[in-house]
Amino acid sequence: ALVLFKFVPLLITWTIDRFIASISGTFLFNIIDGLIRITLFILYIYAISFLDDIKIMFRYHGAEHSTIACYEHKKPLTVKNVKTFSTLHPRCGTSFLVLTLIISILIFSLVPVKLPFWKLFLFRLPLILPIAGLSYEFLKLGDKYQNNWFFRGMTKPGLWVQKITTQPPTTKIGRASCRERV
């Protein structure tokens, strides 16, 4: 994960800045780096979504979200009730990861980019934990203030990516996969 989502995007951006076209300013450098990271993340999620085991997992993920929504609306946890709820949920781990990628663009913009590649990479590593903590708090606020335009907009990208990572559950796949494993 560190190589694919931290090292590779930074190396590509650093190479663009040093050898192809100078990216003036720390913010532009980090926007490009962040967009590469987000693109790689979405492409990775999309690519693995074609694997049979991942398809099953994404259906379980969708079932989990529908069940949580049913529970949060204080409805009896029956299959009929659960099916009426969306597979998208604002406090999802997928939303957390997307929010972390977005917030990292802003935080990494505080780090000087005119450093040798290895120093820049190593300087960013300790920032991962505070960025994750900040992302978690924003995720909680986004859920708490779902009617606020700012927080609703902040959680939208994560919900969009959840359209890949959550699928409506079916009883046929779950049963077939259990039989195949036995």
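In the predicted model, S66 is placed in helix α3, which spans residues 52-72. The relative accessibility of S66 is 3%, and the residue therefore counts as buried. Beyond its neighbours within four places in sequence, S66 is in contact with V82, F85, S86 and T87.

The helix that holds S66 belongs to a fold in which nine helices and zero strands make up the secondary structure. Read along the sequence, the pattern is accordingly written α-α-α-α-α-α-α-α-α. Taken along the principal axes, the C-alpha atoms fill a box of roughly 55 × 40 × 25 Å. Of the 182 residues in the protein, 38% are buried. Among contacts with a separation of 6 or more, 70% are accounted for by residues 24 or more positions apart. The accessible surface amounts to about 11200 Å², and carbon and sulfur atoms contribute 70% of this area. The protein carries 22 positive and 9 negative charges, whose mean positions are 5 Å apart.

A second buried position was examined outside the helices. V111 lies in the loop that runs between α5 (93-108) and α6 (117-124). With a relative accessibility of 3%, V111 counts as buried because the cut-off for that class is under 20%. When residues up to four places away in sequence are not counted, V111 touches T26, L120, F123 and L127. Of these partners, T26 falls in α2 (26-48), while L120 is one of the buried residues of α6. The C-alpha atom of V111 is separated by 36 Å from that of H61, a residue 50 positions away along the chain.

Helix α6 itself shows a division between two sides. Its residues F117, L120, F121 and R124 are buried. Seen down the axis of α6, these buried residues fall within an arc of 100°, so they line one face of the helix. The face turned away from this buried side carries the exposed residues W118, K119 and L122. The packing partners of the buried residues of α6 are α1 (2-20), α2 (26-48), α5 and α7 (128-144).

The backbone at K74 was also considered. K74 is found in the loop between α3 and α4 (79-82). Its relative accessibility is 75%, and K74 therefore counts as exposed. Most residues other than glycine have a negative phi. In K74, by contrast, phi is positive, with a value near 55°.

Charged side chains were then examined for pairing. Side chains of opposite charge can pair when their charged atoms come close. The structure holds five salt bridges. One of them is formed by E72 and R91, with the closest N and O atoms 2.5 Å apart. This pair links distant parts of the chain, as E72 lies in helix α3 and R91 in the loop between α4 and α5, 19 residues apart. E72 has a relative accessibility of 36% and so counts as partly exposed. R91 likewise counts as partly exposed, at 36% relative accessibility.

R91 also forms a salt bridge with D143, in which the closest N and O atoms are 2.6 Å apart. Here too distant parts of the chain are linked: R91 is in the loop between α4 and α5, whereas D143 is in helix α7, and the two are 52 residues apart. D143 has a relative accessible area of 18% and is therefore buried. R91 thus takes part in a salt bridge with E72 and in another with D143.

A further salt bridge joins K140 to E137, the closest N and O atoms being 3.8 Å apart. Both K140 and E137 lie in helix α7, where they are three residues apart, about one turn of the helix. K140 is partly exposed, at 38% relative accessibility, and E137 is partly exposed as well, with a relative accessible area of 39%. Elsewhere, salt bridges that share partners join D33, R37 and R124 into one network. R124 of this network is also among the buried residues of α6.

Notes: Residues numbered from 1 in each chain as written. Predicted model: local features only at pLDDT ≥ 70, side-chain atom pairs only at ≥ 80, totals over all residues. Heavy atoms only, no water. Helix = DSSP H or I, 4+ residues; strand = E, 2+ residues; numbered from the N terminus. Buried < 20%, exposed > 50% of the residue type's maximum accessible area, 1.4 Å probe, protein only. Contact = heavy atoms within 4.5 Å. Arc of directions from axis to C-beta. Areas by Shrake-Rupley, 256 points an atom, 1.4 Å probe, with all protein chains shown as cover. Lys, Arg positive; Asp, Glu negative; His and termini not counted. Charge placed at Lys NZ, Arg CZ, Asp CG, Glu CD. Salt bridge = Lys/Arg side-chain N within 4 Å of Asp/Glu carboxyl O.
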